[in-house]
Amino acid sequence: MKRLLTLLAFVLSGATLTEAQDIVTMMNGDIVSAKVLEINDENVKYRYFSEPDGPVYSVRKAAVQSIKFESGRVEVFHPAVEQNLFSDDSAVSQKEHTASRVPGMRYREYSAYYRASDYIRAPGDKYLPALAGVASFIIPGLGQMISGEVGRGFAFLGMTLGLPVVATVAAVAFNSYASAVSCVAVGVLGYMAVDIWNIVDAVQVAKIKNMYLQDMRREYSFDMDLFPSVKCVPTASGMQASIGLTLAMTF
């Protein structure tokens, strides 16, 4: 009877721990099991439920669709977007949306899932948005290249170099002074617009690639540890110690 009561208490405590979490649903479809620490006018701060002593993350309130607290209360920040947010069908569709991102995808395949304005820097991020922007300011397209998008970088480099050439050829082709001046002005304005676009795009590429890598680390990474172990095994002469190695994998 005592064992039965102990087992029952263990099961009930496990069920309580499973429910004692907040479910944060992002605007991009991600569902995060978390412990919400603070909600202010601009941000939502939380820790991952699986890391109670881990780092505190902060996400813009505009990027959060809703939060279901451990008490069962639901706070919806964008009610017009989703009405039955926590029904079984909705949870399945949200999971399918998240599962559509897998390792090895190209930038053009996953970029639609993210908004650069939602980016929050995390330890281990591979790319530096500020460095990418400065690099593309110095040499058009260089920021995209150092973020791994070489073809995209050359495209911006070609546009920024090609516009002045086209404007100059057009100006020479016209006989009138006014038309030549107009061509040069259009070329200069076009160059400035493409150059600004190039810098903004370099920053966005770095942020979105970091967000994708964050998701991949969270969903697919695991730790592997190899450490010595000692076990007692029965033999004909009695119990003997057996020394070996244990491989532990944490997903």
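**Figure 1. Asn 210 sits in helix H7.** In this predicted model, let us start with one residue and look at its surroundings. Is Asn 210 buried or exposed? With a relative accessible area of 0%, Asn 210 is buried, because anything under 20% counts as buried. Its side chain still has a polar partner: a polar contact of 3.3 Å links it to the side chain of Tyr 119. If we skip the neighbours within four places in sequence, the residues in contact with Asn 210 are Tyr 119, Asp 125, Lys 126, Tyr 127 and Pro 129. Tyr 119 therefore appears both in the polar contact and in the list of contacts.

**Figure 2. Ile 208 is another residue of helix H7.** Ile 208 has a relative accessible area of 7% and is buried. Which residues does Ile 208 touch, not counting those up to four places away in sequence? They are Tyr 107, Tyr 110, Ser 111, Tyr 114 and Ala 116. Tyr 119 makes a nice comparison of sequence and space: Ile 208 and Tyr 119 are 89 residues apart in sequence, yet their C-alpha atoms are 7.3 Å apart.

**Figure 3. Tyr 107 belongs to helix H3, which covers residues 107-110.** The relative accessibility of Tyr 107 is 8%, and this residue counts as buried. Leaving out residues up to four places away in sequence, Tyr 107 touches Glu 149, Arg 152, Gln 204, Val 205, Ile 208 and Lys 209. You have already met one of these partners, since Ile 208 was the residue at the centre of the previous view, where Tyr 107 was listed among the residues it touches. How many residues apart in sequence are Tyr 107 and Tyr 212? The answer is 105, while in space their C-alpha atoms are 9.0 Å apart.

**Figure 4. Ser 147 is in the loop between H5 and H6.** A loop residue can be buried too: Ser 147 has 2% relative accessibility and counts as buried. Beyond its neighbours within four places in sequence, Ser 147 is in contact with Tyr 127, Ala 132, Val 205, Ala 206 and Lys 209. Two of these names may ring a bell, as Val 205 and Lys 209 are also touched by Tyr 107.

**Figure 5. Helix H6 runs over residues 150-173.** What span should the 24 residues of helix H6 have, at 1.5 Å a residue? The expected value is 34 Å, and the end C-alpha atoms are 34 Å apart, which agrees. Along the way there is a kink of about 25° at Gly 162, shortly before the proline Pro 164.

**Figure 6. Part of helix H6 is buried against other helices.** The buried residues in H6 are Gly 153, Phe 156, Leu 157, Thr 160, Ala 167 and Ala 171. An α-helix has 3.6 residues a turn, so residues three or four places apart point the same way. Try reading the list of buried residues in H6 with that in mind, for example Gly 153, Phe 156 and Thr 160. What do the buried residues of H6 pack against? Their packing partners are helix H5 (142-146) and helix H7 (177-220).

**Figure 7. Glu 51 and Ser 182 are two partly exposed residues.** Glu 51 lies in the loop between strand S3 (43-48) and strand S4 (57-60). Its relative accessible area is 35%, so Glu 51 is partly exposed. Glu 51 and Lys 35 are 16 residues apart in sequence, with 9.3 Å between their C-alpha atoms. Ser 182, in contrast, is a helix residue and lies in H7. With a relative accessible area of 41%, Ser 182 is partly exposed. Ser 182 and Ala 170 are twelve residues apart in sequence, and their C-alpha atoms are 9.7 Å apart in space.

**Figure 8. The predictor's confidence is not even along the protein chain.** The average pLDDT of the protein chain is 78, and 71% of the residues score at least 70. Over residues 1-19 the pLDDT is below 50, and this stretch has two contacts in the model beyond near neighbours in sequence. Residues 80-97 also have a pLDDT under 50, but here the model has 25 contacts beyond four places in sequence.

Definitions and conventions. Residues numbered from 1 in each chain as written. Predicted model: local features only at pLDDT ≥ 70, side-chain atom pairs only at ≥ 80, totals over all residues. Heavy atoms only, no water. Helix = DSSP H or I, 4+ residues; strand = E, 2+ residues; numbered from the N terminus. Expected span 1.5 Å × (residues − 1). Bend = angle between axes of the 7 residues up to and from the residue. Buried < 20%, exposed > 50% of the residue type's maximum accessible area, 1.4 Å probe, protein only. Contact = heavy atoms within 4.5 Å. Polar contact = N/O pair within 3.5 Å; in protein donor to acceptor, adjacent residues only side chain to side chain. pLDDT = per-residue confidence, 0-100.
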